[in-house]
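The exercises below are meant to be worked through with the sequence and the model side by side. Please try each task before reading its solution.

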Amino acid sequence: WKGWEVWRFIRDDSSGQFIITSWTHNNKVLCSGPDGQVYTTENKEGTWEKWRIVSYLNSEGLRIESVEHHRFLAFSGQDLYTKNEGGVDTAWFIEPAHGNHFFISATFHDKRLSSSSEHPFTTKSRRSWEKWIIEPTNEEIGQYTILSMEHGKYLGAEADDRIIVSTKKHLWTIAVSTQEGGGGGYLIFSTDHGGRLTLDEN
């Protein structure tokens with residue numbers, strides 16, 4: 001893909017509403033009219049450009065609702081439109097454009113979590129060995145698996161706090177850091193054992 005299929009969801013913290021902008025044409029915003037028509041505009045301040053993300057009850061995915069018209073974004077297989085009632089054609093899955101590939105960095109030390117096929121370690125590099133696929137389990141909110149993109153093994157933790165890589169899935173709980181000076185980072189905990197993923201001075 002060339003980025004035309006990628007959209008940026010920009011959230012207004014005060015209202016919880018979103019504007020949806022094109023990644024490639026970032027001056028273009030997704031807009032909907034009262035008759036179900038969906039198009040793009042350069043106006044980012046109007047009410048027709050505001051969207052609400054809501055859960056899809058009794059089904060997978062999310063629904064994207066026009067705040068102004070209370071209609072749900074749908075896809076006919078060829079065109080986007082909005083409709084009054086939510087059906088299977090209004091279910092959406094939102095995926096990151098980077099394919100869930102992340103560097104896991106200890107910001108204080110500027111080191112990345114890496115691994116060989118046998119064990120994890122840290123490094124200042126940013127190679128393929130340092131890329132991890134972080135995916136939700138879809139069973140519990142906030143729980144994830146962390147898989148080495150290079151070696152295909154999961155990051156895990158033992159009861160004695162040792163960090164390992166394994167062919168077996170291990171669950172991690174990820175939460176936004178509220179620590180002062182945290183720089184907007186995240187805390188990563190072993191779901192099974194409760195220990196926090198930490199890098200010491202050594």
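**Exercise 1.** In which sense do β10 and strand β11 (residues 111–115) pair, and over how many bridges?

*Solution.* The model is a predicted one, and in it β10 and β11 pair in the antiparallel sense over 2 bridges. To locate one of these on the structure, start from Ser 105, whose bridge partner in β11 is Arg 112. Then widen the view to the sheet, which is open and holds 3 strands in the order β10-β11-β12, with antiparallel pairing. Its edge strands are β10 (105–106) and β12 (120–123), each of which pairs on one side only.

**Exercise 2.** Identify the residues of the largest nonpolar core, and the strands that each supply at least two of them.

*Solution.* The core has 10 residues, namely Ile 104, Leu 113, Trp 132, Ile 134, Ile 146, Leu 155, Ala 157, Val 165, Trp 172 and Ile 188. Strands β13 (131–136) and β15 (154–157) each supply at least two residues of this core. A second, separate core has 6 residues, including Leu 30, Val 38, Trp 51 and Ile 64.

**Exercise 3.** Which residues line the largest cavity, and how many of them are nonpolar, polar or charged?

*Solution.* The structure holds 1 cavity of 30 Å³ or more, and about 30 Å³ of space lies in the largest cavity. Its lining consists of Gly 156, Ala 157, His 170, Leu 171, Trp 172, Ser 190, Asp 192 and His 193, which by class gives 3 nonpolar, 4 polar and 1 charged residues. Finally, follow Ala 157, which, leaving aside its neighbours within four places in sequence, is in contact with residues including His 170, Trp 172, Ser 190 and His 193.

How values were computed
Residues are numbered from 1 along each chain as its sequence is written. This is a predicted model: local features need pLDDT of at least 70, side-chain atom pairs count only at pLDDT 80 or more; totals for chains, interfaces and linings use all residues. Side-chain values use heavy atoms; hydrogens and water are left out. A nonpolar core is a set of buried Ala, Val, Leu, Ile, Met, Phe, Trp, Tyr and Cys residues joined through side-chain atoms within 4.5 Å. Buried means under 20% relative accessible area, exposed over 50%, partly exposed in between (1.4 Å probe, protein chains only). Helices (H or I, at least four residues) and strands (E, at least two) are DSSP runs, numbered from the N terminus. Contact means heavy atoms within 4.5 Å. On a 1 Å grid over the protein atoms alone, a cavity is a set of points where a 1.4 Å probe fits but cannot get out, and a pocket is an open set with protein on both sides within 12 Å along at least five of seven lines; lining residues have an atom within 4 Å of a point. Grid points are joined across faces, edges and corners, and a volume is the space filled by probe spheres set on the points. Ala, Val, Leu, Ile, Met, Phe, Trp, Tyr, Cys and Pro count as nonpolar, Asp, Glu, Lys and Arg as charged, and the others, Gly among them, as polar. Two strands pair if DSSP finds at least two bridges between them.
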